[in-house]
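Reader: Could you please take me through a structure with two chains? I would like to begin with how they meet.

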Amino acid sequence: MISTYTGGSPDDVTFDMKVVLAPEKITDEVTLPRFRKA
Amino acid sequence: MSGNLRGDVAVIGIGLSPVGKVPGRSPLWLAADAAKKALADAGIGKREIDGVLSSHAFASPFHRFSVAFSEYFGIEPTFSNTLQVSGATAATMFNIGAAAIHGGLAKVVLVVAADSLLTGLTPELALRSLTESRDQQYEMPFGIPVANTFAMTAHRHMKEFGTTPKQLAEVAVTQRRHASRTAGAQQTTPITVDDVLNSGMVTTPYHKLDCSLISDGGAAFVLVSAEHAKALGIEAPVYILGGGECYSHEHIFLMPSLTATGAVESSRRAYAMAGYGPTDMDVAGIYDCFTGTVIMMLEDLGFCPKGEGGRFVADGHMTYGGKNTLEHPWRAVVLRPFRNAGVAVSFSRSDRAIARRMRRAAGRESRARAGPQSRCRLRHQRHHDPGDEEYAMISPEDAARKPLPAPDADTASFWRGLREGRLLLQHCADCGHVQYYQQAICRACGSESLVHRPASGRGIVHSFSVVHRAPGPAFKADVPYACSWSNWKKGRG
């Protein structure tokens, strides 16, 4: 899936980096599936 | 009628409107200008046209651009269609036009495409338009520009094969050199590798000069049967010997491989029909929306082995007098004559369907946020000089809002799961296939027996790109931000 990184600098992202789901509530109806470093 | 198009149809005329910045000219004008030139080149009149194929136009989002063009041009074709397969539209129109003639649906097919993305839309709306072509549920909410999806493929190519930013830049430098030899090209000033690398990052690894321009322009060509061309006394018709298409995915996250394109299969089919192969080619015109795409296409079209496209370009084989790796002398590998005018030349981003989607999405957002009164903002709005006939498809106010997913029957469970902190995948009860994204049927077996089960919530970054230029005003405050293509593990653990 495609998503965006949260919880750090975008420059932290690397190939094969282990990540975990980081749900981000946007509205009462919508929570986006973002990711952060594991 | 044979089962093969080889040599049955010929191009007898081509026309090109002014391209680049053409203010005050609508897509219909640009299309008509190109069509007039194509007919003059063919030596026939407009009354002889009985078939018209066109692409869509962002800036003139007619539901049936081919019909709108015909009306504007003063003809009444008995075969007409408006096509949209993005960057493949131009090549596909060759196939469809040839098939129509081959099958007796038309005798003289005018293929025409035009748009005015540069002056017909504001830069913000043009960018937003391209972004709106992504999936409303699974891509748009993340602010993923079109360039970003292509960038992730190039980035993965760099990871797997050692392709470098300098090699990517060499593509832009070569194409600019080719453009400088072409009258009317949008950009002709020579550039260097350093110019590309210093042109400002758009989305890693792509700099500004790695990306296609946004352009105004129109192009047209005339197709007839080989017999018809002969009867018309055309001295040097260009026969269509082979064509092929392949569509492997719509969403980038379902791309079978980030470093291989559908050109592997489409070229195999085209070569087979023509009876020729890559070593027989003297000239190639390759889709050049981004520099990395060219490198992958050179590989997938068979001009060099997989993974060697970067070196192939850097060693000078992609230009006049170059050689391919099989020691065949190139006369030229001419990419688009209008370097970085991919949109203008291929008109691949012209899309009525996108326009509809934009309005639909904007409508949902506005109604959700501001109530029914906001619908008035969805009218097409004039935003250029008085007299300009171009219209934006959404208002600047709507363009400034981040797009949000609008859960439907297919996706409601997915979004409900996220509200509960779970990433749900669909599991087919009949064949065991596991799929993302959510839909009503199993993509493997067609079963409707699908159950949602939480993924582990753990994944691996397969590729990524850091966005430095936002896809419109809604995401400007967020840059730079990293988008990734990640593999997520099934089940718990």
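Author: The answers below concern this predicted model, beginning with the interface and ending with one residue.

Reader: How many residues of each chain are in contact with the other?

Author: In chain A, 25 residues are in contact with 38 residues of chain B. The two chains bury about 2,900 Å² between them, and 71% of that lies on carbon and sulfur atoms.

Reader: Which three residues supply most on the side of chain A?

Author: Met1(A), Ile2(A) and Phe15(A) supply 32% of the area that chain A buries against chain B, more than any other three residues.

Reader: And how many salt bridges are there across the interface?

Author: The rule finds one salt bridge there. Asp16(A) forms a salt bridge with Lys159(B), and their closest N and O atoms are 3.7 Å apart.

Reader: Which strand of chain B is joined to strand 1 of chain A?

Author: Strand 13 of chain B, residues 481–488, is joined to strand 1 of chain A by three bridges, and the two strands run antiparallel. Within strand 13, Trp485(B) is the bridge partner of Ile2(A).

Reader: Changing topic, where is Ala169(B), please?

Author: Ala169(B) is in helix 7 of chain B, which covers residues 165–180.

Reader: Is Ala169(B) buried or exposed, and why?

Author: Ala169(B) counts as buried because its relative accessibility is 0%, and the cut-off for buried is under 20%.

Reader: What is Ala169(B) in contact with?

Author: Leaving aside neighbours within four places in sequence, Ala169(B) is in contact with Val193(B), Val196(B), Leu197(B) and Asp210(B).

Conventions. Residues numbered from 1 in each chain as written. Chains lettered and ligands numbered in written order. Predicted model: local features only at pLDDT ≥ 70, side-chain atom pairs only at ≥ 80, totals over all residues. Heavy atoms only, no water. Helix = DSSP H or I, 4+ residues; strand = E, 2+ residues; numbered from the N terminus. Buried < 20%, exposed > 50% of the residue type's maximum accessible area, 1.4 Å probe, protein only. Contact = heavy atoms within 4.5 Å. Buried area = accessible area lost by both parts, 1.4 Å probe. Salt bridge = Lys/Arg side-chain N within 4 Å of Asp/Glu carboxyl O. Pairing = 2+ DSSP bridges.
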